[in-house]
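Reader: I should be grateful for a close look at a single part of this protein, set in the context of the whole chain. Please treat the matter in one connected account.

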Amino acid sequence: MKRQVPGLAEAIRDSRPEVPDGIFLVRVDGAQFRWHAQKPFYVLRLSILEPTVLAHRSVVGRLYCTQKSMWKLGWFLRDFLYDPEMLASEQIDEKALPGLRGVVKISHTVVNGISLVNLDGFAPASQWEELSAGSRHTASSSQTSEVRP
C-alpha cells in the first residue's frame with residue numbers, strides 16, 4: 001500500500017544539507033581510524049567555518065592510509081598543523097586532531113549511486129584570505145560552481 005506523506009521530501013532535503021564543491025576554512029570535529037584489509041582510512045568530520053553562508057555545516061570525508069595515499073594524509077596533517085614531533089615519530093593521536101583548522105578543497109563523486117566527498121587539497125588556515133579571494137575571482141570569472149586553487 002502506498003501512502004502520500006506531505007512534507008516528507010522537504011524534511012529529507014533539510015536534514016542533510018548539501019555542501020557545494022569549493023574551498024572552505026574548516027575545523028576538525030572528529031577523526032576515527034577504520035581498518036580495512038586493502039584500504040585502511042581515517043574518517044574525518046569537518047565543520048565549515050568560512051564562508052559564513054555555509055558556516056556550521058558538516059562534511060564527512062575519508063583519508064586513506066595505504067602506501068600509495070600516505071602523501072595525502074601527510075599533506076593534511078602538515079597543513080592543519082598537527083604536532084611535528086608526532087609526525088616525526090610516525091604517530092597519529094586521534095584525540096589531538098579535533099580542533100585543528102585548515103583549508104580544504106572539496107568535490108563530490110557519485111560511485112554506484114552513492115555521493116562521496118573528496119578531500120582534494122589542503123592549505124594552512126593562515127592562507128584562507130588569499131585562497132578565498134582567488135576562488136571568488138575564479139568562480140565569478142568562469143561563471144561555474146567549480147573552484148580551482
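Which residue just after H2 takes a positive phi? Please take helix H2 and its surroundings as the part to be examined.

Author: The residue is Leu81, which lies just after H2 and has a positive phi of about 60°. The model is a predicted one, and some words on the whole chain may precede the detail. The protein chain contains four helices and five strands, arranged along the sequence in the pattern α-β-β-β-α-α-β-β-α. Its average pLDDT is 84, and 84% of the residues score at least 70. Over residues 137–149, however, the pLDDT is below 50, although this stretch has ten contacts in the model beyond near neighbours in sequence. Where pLDDT is low, the predicted coordinates should not be read in detail. Of the 149 residues of the chain, 32% count as buried. Among contacts between residues at least 6 apart in sequence, 49% join residues at least 24 apart.

Helix H2 spans residues 70–79. Its buried residues are Leu73, Gly74, Phe76, Leu77 and Asp79. These buried residues pack against S1, S2, S3, helix H3 (84–88), S4 and S5. An α-helix has 3.6 residues a turn, so residues three or four places apart point the same way.

Phe76 deserves particular attention. The largest nonpolar core has 24 residues, and of these Phe76 and Leu119 touch the most other members. At least two residues of this core come from each of strand S1 (22–34), S2, strand S3 (58–64), helix H2, strand S4 (101–111) and strand S5 (114–124). Apart from this core lies another, of six residues, among them Ile23, Leu25, Val103 and Trp128. Leaving aside residues up to four places away in sequence, Phe76 touches Val28, Leu44, Leu63 and Phe122.

The aromatic residues of this part can be taken next. Trp71, Trp75, Phe76, Phe80 and Phe122 form one aromatic cluster. A pair of aromatic rings is described by the distance of the centres and the angle of the planes. The count of aromatic pairs comes to seven. In one of them, the rings of Trp71 and Trp75 have their centres 6.0 Å apart and their planes at 25°; since planes under 30 degrees apart count as stacked, the pair is stacked. Trp71 and Trp75 are four residues apart in helix H2, and are therefore separated by about one helical turn. Trp71 counts as exposed because its relative accessibility is 53%, and the cut-off for that class is over 50%. Trp75, at 25% relative accessibility, counts as partly exposed.

A further pair is formed by Phe80 and Phe122, which are edge-to-face, with 6.1 Å from centre to centre and 80° between the planes. Phe80 lies in the loop between H2 and H3, whereas Phe122 belongs to strand S5, so this pair ties together parts that are 42 residues apart in sequence. Both Phe80 and Phe122 are buried. Phe122 is also among the residues that Phe76 touches.

The strands that H2 packs against include S2 and S3, and some details of these may be added. Val43 lies in strand S2, which covers residues 41–50. Its C-alpha atom is separated by 5.9 Å from that of Gly61, although Val43 and Gly61 are 18 residues apart along the chain. Not counting residues up to four places away in sequence, Val43 touches Gly30, Ala31, Gln32, Arg34, Val60 and Gly61.

Charged side chains also meet aromatic rings. The charged end of Arg62 sits over the ring of Phe41, 4.1 Å from its centre. Similarly, the charged end of Lys39 sits over the ring of Tyr64, at 4.6 Å from the ring centre.

The loop between S2 and S3 has backbone features of its own. Pro51 is found in this loop, and a cis peptide bond joins Glu50 to Pro51, with omega of about 0°. His56 has its place in the loop between S2 and S3 as well; its phi is near 75°, a positive value in a residue other than glycine. At 76% relative accessibility, His56 counts as exposed.

Beyond H3, Glu90 lies in the loop between H3 and S4. Its phi, near 60°, is likewise positive in a residue other than glycine, and Glu90 is exposed, with a relative accessible area of 76%.

How values were computed:
Residues are numbered from 1 along each chain as its sequence is written. Side-chain values use heavy atoms; hydrogens and water are left out. Contact means heavy atoms within 4.5 Å. A nonpolar core is a set of buried Ala, Val, Leu, Ile, Met, Phe, Trp, Tyr and Cys residues joined through side-chain atoms within 4.5 Å. Buried means under 20% relative accessible area, exposed over 50%, partly exposed in between (1.4 Å probe, protein chains only). Rings of Phe, Tyr and Trp (its six-membered ring) pair if their centres lie within 6.5 Å; planes under 30 degrees apart count as stacked, over 60 as edge-to-face and the rest as tilted. A charge sits over a ring if NZ of Lys or CZ of Arg is within 6 Å of the ring centre and within 35 degrees of the ring normal. pLDDT is the predictor's confidence in each residue, from 0 to 100.
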